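User: Please take a close look at a single part of this model, namely how its charges are placed, and then carry the reading on to the rest of the chain.

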Amino acid sequence: MEDRSGVRRARYAVAAVFAVHGAVTGSFATRVPWIQDHASLGAGRLGFALAFTALGASCAMPLAGRISHRFGSRTALRGLIALWTLSLVLPSLAPNLPALCLAMFTYGACAGMADVAMNALGVEVERRLGRSVMSGLHGMWSAGALVGSAAGTLAAHLGADARTHFLLAAAVLTVLGVLSCTWVLDIQPAADEEPPPRFALPPRSALLIGTVGFCAVFAEGASLDWSAVFLRDRLDSSAGLAAASTTAFMLTMAVARIAGDAVVNRFGAVRTVRAGGVLAVLGGLLVVLAGQPVVAMGGFALMGLGIAVVVPLCFAAAGHAGPNPSQAIAGVATITYTSGLIAPSLIGGVAQATSLVVSFGVVTALACGLAMCAGVLRSAERGVEREVSPRAAAVPGPRP
């Protein structure tokens, strides 16, 4: 039997892994202009290459469950997080479009497999503790992304070569990630347990849960990529104020996710997401109707608060929904990755044909789906409720 102190230690360890994962993403995002110049690409060809990130993730995510089954959860996560941190170097080495497409496919594949493995362990920690922790874990991811972004901004400001920057960042983050895995849960499959398939369609439950995640990630991607443009082009804001709106949105998301577990534990996943959907709709309406920059920034802040905990709760619900958490989480992750990929380009297309106001009207309409479809996350509440039943005093150990 494993005591609660061990599970709490595992929670902090997987939280550190989430932060490392986010730091890689934040580091990469700040050096995309350098990568574009190094590979001599226009905006269209760069967008084509970046699409391979989601393609690689979607192809590789289903493999995470099989890897964890083969090596055990701790060893699998240690290897996958190391692959992810080291893959940061690859995009900076690409001299042309084909090489960058291959680098981004590999980068995305490593990201996706590590993502599924760490979320599956986060769900298991949540199950053993008997209370929501997934929002806080994703808050740590956001915090890591902010730290990685800040370091990357400094490197870009100093004119550092991205190859040198990424090599140093990868070395530091690999050490931190591997060390953090020392204390995560080590779940071993039963001797007679069949390994999960290499590739399988996500279960129906994951498709329903993924629909809620799709709405949230669409709003997140649209706000992150277009909030500054909206303030600058629609409301004639200064470049500094427009950029500040994006940073404020990221901070709002991080803080809301870190604080979100207390809200979920108090009100439950379904009511939290329904309330979040209402906030997101109100935020979207403020953006659409804004006549002043401060009103639009308030709208984006409300939208961030509303959607912050949705994706963590979608992963939690998927992990509790069936006998194969990794497969369900991979299905939800694939849908959310796809949403994050298409949101920026779809917003741009609608804006080109009509206006940015209409684009964020689409975002607001999708936010309504959060309130309407929140009931599909009830499996996350049931998963936690099972752990705070009469057996709550005894925390189960690893499966034999």
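Analyst: For the charge count, Lys and Arg are taken as positive and Asp and Glu as negative, while His and the chain ends are not counted; the place of a charge is NZ of Lys, CZ of Arg, CG of Asp or CD of Glu. The model is a predicted one, in which local features need pLDDT of at least 70 and side-chain atom pairs count only at pLDDT 80 or more, whereas totals for chains, interfaces and linings use all residues. Residues are numbered from 1 along each chain as its sequence is written, and side-chain values use heavy atoms, with hydrogens and water left out.

On that basis the chain carries 27 positive and 19 negative side chains, and the centres of these two sets lie 3 Å apart. One of the negative residues by this count is Asp, and Asp-236 sits in the loop between helix 10 (204-235) and helix 11 (239-267). Its phi is positive, about 55 degrees, although Asp-236 is not a glycine. At 66% relative accessibility, Asp-236 counts as exposed, where exposed means over 50% relative accessible area, buried under 20% and partly exposed in between, with a 1.4 Å probe and protein chains only. Ser-40, in the loop between helix 2 (32-38) and helix 3, likewise has a positive phi, near 55 degrees, and is exposed at 59%.

These loops belong to a chain with 17 helices and zero strands, helices being DSSP runs of H or I of at least four residues and strands runs of E of at least two, numbered from the N terminus. The radius of gyration, 20 Å, is close to the 21 Å that the globule rule gives for 400 residues, so the chain is as compact as a globular protein of that length; the radius is taken over C-alpha atoms, and the rule is 2.2 Å times the number of residues to the power 0.38. Of the 400 residues, 52% count as buried.

Thr-53, in helix 3 (residues 43-60), is one buried residue, at 17% relative accessibility. Leaving aside residues up to four places away in sequence, Thr-53 touches Met-104, Tyr-107 and Gly-108, a contact meaning heavy atoms within 4.5 Å.

The structure holds zero disulfides, a disulfide being a pair of cysteine sulfur atoms within 2.5 Å. The sulfur of Cys-101 is 14 Å from the closest cysteine sulfur, in Cys-59, which is too far for a bond, and Cys-101 is buried at 7%.
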